[in-house]
Amino acid sequence: MQNLEGFKSFISTPKKGVILPHSKPDGDALGSCLAWYHFLRKTGHEVTIISPTDYPAFLKWMKGQEEVLVYEGNEAEAEKLVQDAEVVYCLDFNSLKRIGGLGALVEKSAAMKVMIDHHREPDDFADFPFSDTTYAATCEMIYDLIIELDGREFVDADMAEELYAGIMTDTGGFKHSNTTRKTHMITADLIALGADTAKIGKYIYDANSLDRLRFLGFALSQRLQVLPEYRTAFFSLTQEDLKRFNEQTGDTEGFVNYALSMREIVFAAMIIHRKDGIKMSFRSKGTFDASAFAKDNFSGGGHKNAAGGISDMEDMESTVEKFTSLLPAYKEQLLAAN
Ligand code: 5GP
Ligand code: MN
């Protein structure tokens with residue numbers, strides 16, 4: 001963190017604050033927010049987590065999640081909390097564009113802004129930016145920060161499990177290339193602190209509904225297209241598809257990885273028509289830069305091998321057309337990827 005000493009002295013006195021994850025928080029976003037929330041509360045701070053939107057049911061075992069205020073539907077209460085905050089902690093996102101309607105509120109708030117994040121190319125909005133793309137997960141950064149603040153004694157088993165869950169999900173179960181020695185060192189200490197790894201694996205990965213499994217089967221058999229000449233595979237899911245399978249937040253998480261799991265495929269996309277627009281998810285293997293692809297074509301970003309963005313078109317057909325017509329320009333990179 002730039003100015004770590006400044007930050008240490010800043011939080012050495014209790015502060016009123018809010019902690020924010022990105023929209024549709026995943027395991028890393030929610031896990032890091034909750035562990036940081038417990039740490040701050042144990043050290044005398046008055047904080048509330050505000051999530052821009054709801055989050056998947058498979059995260060609802062985390063301790064303290066029932067106290068998270070969801071902005072959508074509770075706008076007035078959330079606005080008051082942001083207005084009254086002396087400090088806003090922004091966890092697992094690098095741009096105020098990633099928190100929906102909360103972005104404008106945070107932008108105009110006079111609070112000190114702390115960003116703790118591992119995505120590329122952060123925007124310049126934080127007073128205390130802690131941005132480092134060598135971390136696999138924001139949960140690893142929270143762990144390191146708590147250690148820096150001499151707070152290991154405050155990390156109980158629930159916090160260790162929240163941090164473990166974020167690291168496990170952002171590394172794809174410790175198999176993506178972001179998994180490092182540091183990842184395993186931190187994970188080992190979280191186990192020492194009481195994390196029950198088998199329990200968390202079960203809560204997160206064995207949490208399918210029948211609807212979700214049937215939806216996955218449908219997506220694989222009816223909505224997956226493979227373009228071997230570009231070593232690319234993609235799903236396109238319509239609003240009717242989502243409705244037909246009673247899609248819940250988190251149900252499509254991981255679909256894109258099935259497209260990437262084919263041996264010769266190095267680039268995968270999932271294009272989903274949501275209520276508020278067409279959302280893109282990208283995954284890649286090896287040298288192919290999904291984040292650059294998302295940034296250059298779909299107003300997005302993320303990490304080299306996992307990125308997202310949005311379509312500037314209103315219908316699925318033109319979005320798919322745009323996506324496929326971009327591939328020839330990347331053919332050389334796609335063929336060379338390893
Ligand atoms: P996912 O495909 O799981 O939604 O996101 C993959 C990665 O890309 C995550 O690290 C996520 O934070 C990032 N990401 C997803 N959507 C967007 C987006 O619209 N803009 C940016 N800048 N990053 C995104
Ligand atoms: Mn993350």
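1. Which residue is the bridge partner of L91 in β5? In this predicted model, the bridge partner of L91 in strand β5 is I116. The pairing to which this bridge belongs joins strand β4, residues 87-91, with strand β5, residues 112-117, in the parallel sense and over five bridges.

2. The sheet around that pair is open and consists of six strands in the order β3-β2-β1-β4-β5-β6, with parallel pairing. Its edges are taken by β3 (69-70) and β6 (128-131), and because each of these has a single partner strand, one side of each is left without a neighbour in the sheet. Helix α5 packs on this sheet, where it touches β4, β5 and β6, and its direction makes about 115 degrees with that of β5.

3. Helix α5, residues 138-148, also packs against helix α6, residues 157-170, at an angle of about 140 degrees and with the two axes 7 Å apart. The boundary for roughly antiparallel lies over 145 degrees, and α5 is therefore to be called oblique to α6. On the α5 side the contact is made by T138, C139, E140, I142 and Y143, and on the α6 side by L163, G166 and I167. By character, the residues of this contact divide into five nonpolar, two polar and one charged.

4. An unreviewed UniProt entry lists residues 18-167 under "domain: DDH". In the model, the chain over residues 18-167 is 37% helix and 17% strand, and the C-alpha atoms at its ends are 23 Å apart.

5. A further open sheet of six strands runs in the order β7-β8-β9-β10-β12-β11, and here the pairing is mixed. The edge strands are β7 (224-227) and β11 (301-302), each of which pairs on one side only. Strand β11 pairs with strand β12, residues 306-310, in the antiparallel sense over two bridges, and G301 has G308 of β12 as its bridge partner.

6. Two helices that pack on this mixed sheet deserve a separate remark. Helix α12, residues 290-298, touches β9 (267-274), β10 (277-284), β11 and β12, and its direction makes about 10 degrees with that of β12. Helix α13, residues 316-336, touches β7, β8 (232-237), β9 and β10, and its direction makes about 165 degrees with that of β9.

7. Ligand 1 should be read together with strands β11 and β12, since the residues around ligand 1 are H119, S281, G300, G301, G302, H303, A306, A307, G308, G309 and I310. Both β11 and β12 supply at least two residues each to this shell, and the largest share, five residues, comes from β12. The shell around ligand 1 divides into three nonpolar residues, eight polar ones and no charged ones. The bridge partners G301 and G308 are both listed among the residues around ligand 1.

8. The UniProt annotation "domain: DHHA1", again from an unreviewed entry, covers residues 246-325. In the model this span is 31% helix and 29% strand, and its end C-alpha atoms lie 32 Å apart.

Note on methods
Residues are numbered from 1 along each chain as its sequence is written. Chains are lettered from A and ligands numbered from 1 in the order in which they are written. This is a predicted model: local features need pLDDT of at least 70, side-chain atom pairs count only at pLDDT 80 or more; totals for chains, interfaces and linings use all residues. Two strands pair if DSSP finds at least two bridges between them. Helices (H or I, at least four residues) and strands (E, at least two) are DSSP runs, numbered from the N terminus. Two residues are in contact if their C-beta atoms, placed from the backbone, lie within 7 Å. Axes are lines fitted to C-alpha atoms, for helices over the stretch in contact, and angles run from 0 to 180 degrees between N-to-C directions. A residue is near a molecule or strand if its C-beta atom, placed from the backbone, lies within 6 Å of it. Ala, Val, Leu, Ile, Met, Phe, Trp, Tyr, Cys and Pro count as nonpolar, Asp, Glu, Lys and Arg as charged, and the others, Gly among them, as polar. UniProt positions are given in the numbering used here, feature names are shortened, and annotations may be inferred rather than shown by experiment. Angles under 35 degrees count as roughly parallel, over 145 as roughly antiparallel, 65 to 115 as roughly perpendicular and the rest as oblique.
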